[in-house]
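I opened this notebook to record what I looked up, going from the whole chain to a single residue.

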Amino acid sequence: MLEIKCPYCGKRSQNEFSYGGDAKIKRPELGKEISDKEWDNFVYYRDNPKGKHSELWHHISGCRQWFKVSRDTASHEIFKTAKLDEDL
Amino acid sequence: MLDFFTPVNESQSYNNFSMKEKTPVAKINLRGNLENKEFVSKVGKIIGMILPNKACNTSSKEKITSLWLGPNEWLLVSNNEIPKETNIYELEQVLFDNISKNNLGAITNVTDHFTIFKLSGSNIFEVLSKGCPFDFSSDDFGDNKVVQTILNHVDVTIHRRSENDVDLYVRRSFAGYLWDWLKDSAKLI
């Protein structure tokens, strides 16, 4: 079980959190013409790296805030957590 | 208007641990941005205290206590129990007129959403630790602190008034289940 440091509440058990996917995905700009392929990439395609990965987590049973986590997908080591408007 | 309906009709006591349900206590959920000075000053004037801005902190006056739930969310609870027949409160109306109507934040009456179990005795945290991942012995969790966590898979808010006096907030629909679980766990201490 992981211990995740919520930037608002401090260290808490993984039980209190829910995983929110890749933190680096950006929605295509509003009102701009884009190809089906670009939309496809945004909706479905994700990297599946072994090693360092930036992800979103939600402290759903705690302060109910979203934040970013930099985690190693193989060893589960957590390098850093940050608020959404901060850099990882 | 809802009539107060208690999900548990008993009180229990065990080895240095007892629990009962608190009859209605007004609870108002308050949301807003602390960086908005107008919001902070208006709320401060109405409730007569500064909202806690640090995780797990509370602040308290004669009539109400405010609990930190998140960086933009607080729970205002009345210190005294209120009549069972009513769930309309003066404070809610005043806050609604000044905060919600001016688009400064949001006020929601959650009195009937949560119920409170009043736990007392020196074995409270022995019992809670049986189903909760939070470390109650950490230095950050002293008197007058509040923590939102899970207790046996149920979302709860735990307000430690003192070492032997804890308020456990649980959603009404989960109250019966959690009450039974507490009875079961308390037997083992």
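I began with the charges of chain A, and found that the mean position of its 16 positive charges and that of its 15 negative charges lie 5 Å apart. I keep in mind throughout that this is a predicted model.

Next I looked up the secondary structure, where chain A has 1 helix and 6 strands. Read from the N terminus, these elements follow the order β-β-β-α-β-β-β.

For the overall dimensions, I noted that a box of roughly 45 × 30 × 20 Å along the principal axes holds the C-alpha atoms of chain A. I then checked burial, and of the 88 residues in chain A, 35% are buried. Turning to contacts, I took those in chain A with a separation of 6 or more, and 43% of them join residues 24 or more positions apart.

I went on to the surface, where chain A has an accessible area of about 6,000 Å², with 47% of this belonging to carbon and sulfur atoms. Which residues make the nonpolar surface patch of about 460 Å²? I found that A:Trp39, A:Val43, A:Tyr44 and A:Tyr45 make this patch.

I followed one member of the patch, A:Val43, back to its element, and this residue lies in helix H1, which covers residues 36-43 of chain A. Is A:Val43 buried, partly exposed or exposed? I entered A:Val43 as partly exposed because its relative accessibility is 33%, and the partly exposed class lies between the buried limit of under 20% and the exposed limit of over 50%.

Technical notes:
Residues numbered from 1 in each chain as written. Chains lettered and ligands numbered in written order. Predicted model: local features only at pLDDT ≥ 70, side-chain atom pairs only at ≥ 80, totals over all residues. Heavy atoms only, no water. Helix = DSSP H or I, 4+ residues; strand = E, 2+ residues; numbered from the N terminus. Buried < 20%, exposed > 50% of the residue type's maximum accessible area, 1.4 Å probe, protein only. Contact = heavy atoms within 4.5 Å. Areas by Shrake-Rupley, 256 points an atom, 1.4 Å probe, with all protein chains shown as cover. Lys, Arg positive; Asp, Glu negative; His and termini not counted. Charge placed at Lys NZ, Arg CZ, Asp CG, Glu CD. Patch = residues over 30% accessible without salt bridge, like charges linked within 9 Å, V, L, I, M, F, W, Y side chains within 5 Å. Salt bridge = Lys/Arg side-chain N within 4 Å of Asp/Glu carboxyl O.
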